[in-house]
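I opened this model to look up an annotated site and one helix. My entries follow the structure.

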Amino acid sequence: FEDCPGTTSEQAGKSASCQGCPNQKLCASGATKAPDPAIAEIGEKLSTVKHKILVLSGKGGVGKSTFSAHLAHALASDNTKEIALLDVDICGPSIPRIMGLEGEQVHQSGSGWSPVYVDDNLAVMSIGFLLSSPDDAVIWRGPKKNGMIKQFLRDVDWGDLDYLIVDTPPGTSDEHLSIVQYLSSTQVDGAIIITTPQEVSLQDVRKEIRFCQKVKLPIIGVVENMSGFVCPKCKNTSQIFPPTTGGAEKMCADLKLPLLGKVPLDPRIARSCDEGKSFLSEVPDSPAAEVYQKIVKSEFVFRKRPTQMSIVQSVTRKGQNKSCVT
């Protein structure tokens, strides 16, 4: 509904635009204004997680899952740290393949779902582990996606973690609102925004940055992926995707955001992902691996951010929340 006042506004279920909406009675009753009790439960569940980082991008195909996986691998290279990677890309879960965990299943224990482990200090959770085949399509509306994300955060036995990396789908829709809302009672470090150099990507990434600003999600910084191709023999760099408008560097300068690094194209990254291996372990001396290590050591990634998020006021203003459930 174009003129939906928002499910938590004072006019919810009462305005003229609510006529004909199947949820009019529910909104008018005031039930939608009550905070979801799961938010407090998730806050308690994740109280033992020191750092929580979301990997976002408004554009698909820029390498969010690849970056998330290798960020997790890079952090887990320190055996004193406990790392977990959560895949909330409900319709396109590629993390099981990238992490070499296809065919694995989630097990239930007395303390909740047990994540799947790549190494002793690297745990992974994805809806891909719940599908009978990696080719199965997940055809869900928003509410069911939201319920799955809630279950991942509340019912998985994460244990004590140093880092929880959350890989998200492209866009600024259901999954993004859900993950931010459910984490609103926790202290989230913020988001790492992934882009590629060309303007067609940057245009959508700017929308993702606006989303973060609206929901008061801190932005740790931006990573430019596929940033040139470094020849493994002559070491010369070619621009496969030319930064016609200045790339991420200019965007970050304009928006006053940190540029965490530029990861060059390397065919060996794609091969490693297809084979379920860590590119950082396979080719540790490559230019791309060096950039990943630089990002991990960045003060922006390691710095703790005490500010809590406030999402409800930002996204439920009149005209902002169009998420009536049908």
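The entries below cover the annotated site and then the helix, in a model that is predicted.

**Entry 1, annotated site.** I started from the UniProt record, an unreviewed entry, which places a "binding site" at Gly58, Lys59, Gly60, Gly61, Val62, Gly63, Lys64 and Ser65. I picked two glycines from that list, Gly58 and Gly63.

**Entry 2, Gly58.** I found Gly58 in the loop between β1 (49-56) and α3 (64-76). Is Gly58 buried or exposed? Its relative accessibility is 18%, and buried means under 20%, so Gly58 counts as buried. I then listed its contacts, leaving aside neighbours within four places in sequence: Pro170, Gly171, Asp204, Val205 and Glu208.

**Entry 3, Gly63.** I placed Gly63 in the loop between β1 and α3. Gly63 has a relative accessible area of 17%, so I logged Gly63 as buried. Not counting residues up to four places away in sequence, Gly63 touches Ile194, Asn225 and Met226.

**Entry 4, helix α5.** I checked the length of α5, residues 142-155. At 1.5 Å a residue, its 14 residues should span 20 Å, and the end C-alpha atoms are 19 Å apart, which agrees.

**Entry 5, buried residues of α5.** Which residues of α5 are buried? I noted Gly142, Lys145, Asn146, Met148, Ile149, Lys150, Phe152 and Leu153. An α-helix has 3.6 residues a turn, so residues three or four places apart point the same way. I then looked at what covers the buried residues of α5; the cover includes α2 (37-45), β2 (83-87), β4 (112-114), β6 (122-126) and α6 (174-182).

How values were computed:
Residues are numbered from 1 along each chain as its sequence is written. This is a predicted model: local features need pLDDT of at least 70, side-chain atom pairs count only at pLDDT 80 or more; totals for chains, interfaces and linings use all residues. Side-chain values use heavy atoms; hydrogens and water are left out. UniProt positions are given in the numbering used here, feature names are shortened, and annotations may be inferred rather than shown by experiment. Buried means under 20% relative accessible area, exposed over 50%, partly exposed in between (1.4 Å probe, protein chains only). Contact means heavy atoms within 4.5 Å. The expected span of a helix is 1.5 Å times one less than its number of residues.
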